[in-house]
Amino acid sequence: MGEGGASAPPSACAGGFHVADVMTDLRRRLREVWNISRASAVLGWDELTYMPPGGAQDRGEQEATLDRLAHECFTSDETGKLLARARAAGIGRGEGDDDVIVRVTEREYERARALPPSLVEERSRLAVAGHEAWVKARRANDFAIFAPTLKKVVETQREVAHLRGPALDPYTALLTATLPGFTADEIERLFDDLKRRLVPLVGRITAHADRVDPAPSSLRVDDDRQWQASLAAMRAVGYDFGRGRLDRTIHPFETSFGTGDVRITTRVDEDQWEFALFSSLHEMGHGLYEQGLPARWQGTPAGESSSSAIHESQSRFFENVIGRSRPFWEFFWPTLREIFPPEFARFSLEEMYRAVNRCGPTLIRTEADEVTYNLHVILRFEIERGLLAGTMEVNDVPRVWRDRMTDLLGVAPEDDLTGPLQDVHWSGGSFASFPSYTLGNVISGQLRETVRAEIPDLDALIRRGAFAPITGWLRENIYDLGAAYETKELVRHVTGHDVEAGPYLAYLEEKFSDIYDL
Ligand code: ZN
């Protein structure tokens, strides 16, 4: 194969392939795409942690340039030709490293080329305008200011859906990018299973609210002690600080520049000490996954995580399944008592365990507990689906929001700020991404069941602070598989079952029946 021929568009990335080995050429090209996008991630991390406000405009342009270069390089005809050459050489059918790289790259290549560059650009312009309108609407606490933008977002998403799958239900077409392999009807059935058992569970918990004393949650803990507590918990579980950092931000997140440098962030609120500790554990779950991705595939799409749903299963596993379990508190409470202010000493282990698992209906999704959180996600899924299908109008969103919150959680917002203006997602043109959060919870329940079967003394290990067998199990069964399997296949491969709500619901019912004496 010669230099990029006359028909190939000009490309900023490596061209002129003379090497006989097609995999060397393909890997070199993919590595460049990866280098550019990870460099953009470094800029993004800095933007959200240490950049002074004056840097915003230049930084936005710098990131947009790098993202465009990475996208162009990856989706260029040249990449397609290399993939075709690899196939012609018989690579992509077996189970070797090269086969996996070719298969996963083909999959991502098709997905990335589904949208024309003009639509990608229009979408990012709309995201900037959408964000501005959303901020303005929030300031005025008035959904009507955001409505015209949301109408445009819905139109664009319909266009995107048509390009991704002209014959598919529009929501299913969008899921081909956010939750590949799932249909909207499947998600709906799964969510129906959840609703059927979660709505009554929340009702029973609310009736027994007095079983949990909220006093430990309302004690003030200074910044420094909270920081130490987050670090102590992360060190205990085994987060590798030689290959990662914890920093401060407004909205906690995780970002990775490679398995050797994975950054997570948290926010310390002195009046809400649980926030920093549990968001650190959450982001650490994301971070452990990134630190454990397979080095042999790094720099190619195969070396990435499987999906955002699997990613969220990892963060929820450490935040809730482990971090809010009784064995974890048996292990961690003595450490925390040494770090936290002396007035905490008056609480028993049991009081602390119950307080961090306090549960009840609230209006804001990001502040919701383990049980009610999923009902917030289901509400958003129902609205997104209705808007896309045209069975619901944008102007009806606030009313539908109030009605459905009342049905699902028994509480309703009195204004738009605590209603449909609370999430940033729609303003950025992001649709069909909410279901991944609840899928992550559901999968964390399935993983819990599998881990318990394969590590029978799990609780005793956690009680002793021996986390290596658990992180080792996750490394072997999830992290090390990179993106070789997509969500459904990975869950089946690891647990032997399809994605199903049963284990997660059983876990919640058992745990909260105990805590609330149901
Ligand atoms: Zn997360």
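This is a short tour of three places in a predicted model, to be followed with the structure open in a viewer.

Begin by selecting residues 56-75, which form helix 2. The C-alpha atoms at the two ends of helix 2 lie 28 Å apart, and this agrees with the 28 Å that its 20 residues should span at 1.5 Å a residue. Next, show the side chains of Arg59, Glu63, Ala70, Cys73, Phe74 and Thr75, which are the buried residues of helix 2. To see what these buried residues pack against, add helix 1 (22-49), helix 3 (77-88) and helix 4 (97-113) to the selection.

Move on to helix 11, residues 273-291, and pick out His282 within that helix. With a relative accessibility of 10%, His282 counts as buried, because buried means under 20%. If you set aside the neighbours within four places in sequence, the residues in contact with His282 are Glu312, Ser315, Arg316 and Glu319, so select those four together with His282.

For the last stop, select helix 17 (residues 435-454) together with helix 21 (residues 502-515), and turn the view until both axes can be followed, since these axes come within 7 Å and cross at roughly 85°. Helix 17 is therefore roughly perpendicular to helix 21. On the helix 17 side of the meeting, display Asn441, Val442, Gly445, Gln446, Arg448 and Glu449, and on the helix 21 side display Pro503, Tyr504 and Tyr507. Coloured by character, the residues of this contact divide into four nonpolar, three polar and two charged.

Note on methods
Residues numbered from 1 in each chain as written. Predicted model: local features only at pLDDT ≥ 70, side-chain atom pairs only at ≥ 80, totals over all residues. Heavy atoms only, no water. Axes fitted to C-alpha atoms, helices over the stretch in contact; angles between N-to-C directions. Helix = DSSP H or I, 4+ residues; strand = E, 2+ residues; numbered from the N terminus. Parallel < 35°, antiparallel > 145°, perpendicular 65-115°, else oblique. Contact = heavy atoms within 4.5 Å. Nonpolar A, V, L, I, M, F, W, Y, C, P; charged D, E, K, R; others polar. Buried < 20%, exposed > 50% of the residue type's maximum accessible area, 1.4 Å probe, protein only. Expected span 1.5 Å × (residues − 1).
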